[in-house]
Amino acid sequence: MKLTLAAVVLVATALLAGCKDAGPAKPETTAVPDSAAALTLTVYKTPSCGCCKKWVSHLEQQGVVAQTKDYDDLSGIKERYGITPQYYSCHTAVSEQGYAFEGHIPAKYIRKFLAESHPDAIGLSVPAMPLGSPGMEVEDRFMPYDILLLHKDGSASVYAHISDASMQ
């Protein structure tokens, strides 16, 4: 009986672990320079969001360490980091320096931003969920979008315009 109970517990644990990480297998991480691999982001997302999981996979493929934290309601996180509703998306990532990255921002623009000086900024945002942005891929469809620089005073300006998928 003890052996059977132990086997049931092991099988149940394996099944639950499989459910938690449901989704496509992660591709191998793309090689990146050692200096680029040092980037770590805490990603706040909802537990069931598939596009958030795909965006995290994009980060990891680019050598970013993504530590995910699941919440049912992200409004408090967004408020804590000064992100106002017009700049919301489905997830919020935060760098070790305290900068916020809202939505489906390509990893290379997060790296670029962090390598620059932005004393008046709280971070970057890709509001909503543009089709074709990292994590929002649907076949070969693509919608041009802007990456916004979020300022401490609540305003924003265009940081980069992404006119085609190759710019990501």
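In this predicted model, seven strands come together: an open sheet of 7 strands runs in the order S2-S1-S3-S4-S5-S6-S7, and its pairing is mixed. S2 and S7 stand at the edges with a single partner strand each, so one side of each has no neighbour in the sheet. On average, and with direction ignored, neighbouring strands are turned by 20 degrees against each other. Strands of a sheet pair through backbone hydrogen bonds, in either a parallel or an antiparallel sense. For S4 and S5 the sense is parallel, and 4 bridges join them. Gly103 offers a handy place to look, as its bridge partner in S5 is Val126.

Two helices can be followed onto this sheet. H2 packs on it by touching S1, S2, S3 and S4, and the direction of H2 makes about 175 degrees with that of S1. H4 also packs on the sheet, where it touches S1, S3, S4, S5, S6 and S7; the direction of H4 makes about 135 degrees with that of S7.

H2 itself is worth a closer look. This helix has 12 residues and reaches 17 Å from its first C-alpha to its last, close to the 16 Å expected at 1.5 Å a residue. Its buried residues are Cys51, Cys52, Trp55, Val56, Ser57, His58 and Leu59. The cover over these buried residues includes S1 and H4, together with strand S2 (65–70), strand S3 (92–95) and strand S4 (100–103). Just after the helix comes Gly63, which takes a positive phi of about 85 degrees.

The nonpolar interior can be read next. The largest nonpolar core has 24 residues, and among these Leu59 and Ile147 touch the most other members. At least two residues of this core come from each of strand S1 (40–45), helix H2 (50–61), helix H4 (107–115), strand S5 (121–126), strand S6 (145–151) and strand S7 (156–162). H4 gives the most, with 4 residues. With its neighbours within four places in sequence left aside, Leu59 is in contact with Leu41, Val43, Val64, Ala66, Ala107 and Ile110. Another core lies apart from this one; it has 6 residues, including Ile83, Ala100, Leu148 and Leu150.

Charged side chains add a further set of links, as the structure holds 3 salt bridges. In one of them, the side chains of Lys45 and Asp70 meet at 2.8 Å, N to O. This pair links distant parts of the chain, with Lys45 in strand S1 and Asp70 in strand S2, 25 residues apart. Lys45 counts as buried because its relative accessibility is 5%, under the 20% cut-off. Asp70, by contrast, is partly exposed, with a relative accessible area of 42%.

A second salt bridge joins the side chains of Lys78 and Glu102, at 2.5 Å from N to O. Lys78 belongs to helix H3 (residues 75–80) and Glu102 to strand S4, so the pair ties together parts that are 24 residues apart in sequence. Both Lys78 and Glu102 are buried.

The remaining pair is Glu116 and Lys112, whose closest N and O atoms are 2.8 Å apart in a salt bridge. Glu116 counts as partly exposed at 31% relative accessibility, and Lys112 counts as partly exposed at 41%.

Note on methods: Residues numbered from 1 in each chain as written. Predicted model: local features only at pLDDT ≥ 70, side-chain atom pairs only at ≥ 80, totals over all residues. Heavy atoms only, no water. Core = buried A, V, L, I, M, F, W, Y, C linked by side-chain atoms within 4.5 Å. Buried < 20%, exposed > 50% of the residue type's maximum accessible area, 1.4 Å probe, protein only. Contact = heavy atoms within 4.5 Å. Expected span 1.5 Å × (residues − 1). Pairing = 2+ DSSP bridges. Axes fitted to C-alpha atoms, helices over the stretch in contact; angles between N-to-C directions. Salt bridge = Lys/Arg side-chain N within 4 Å of Asp/Glu carboxyl O.
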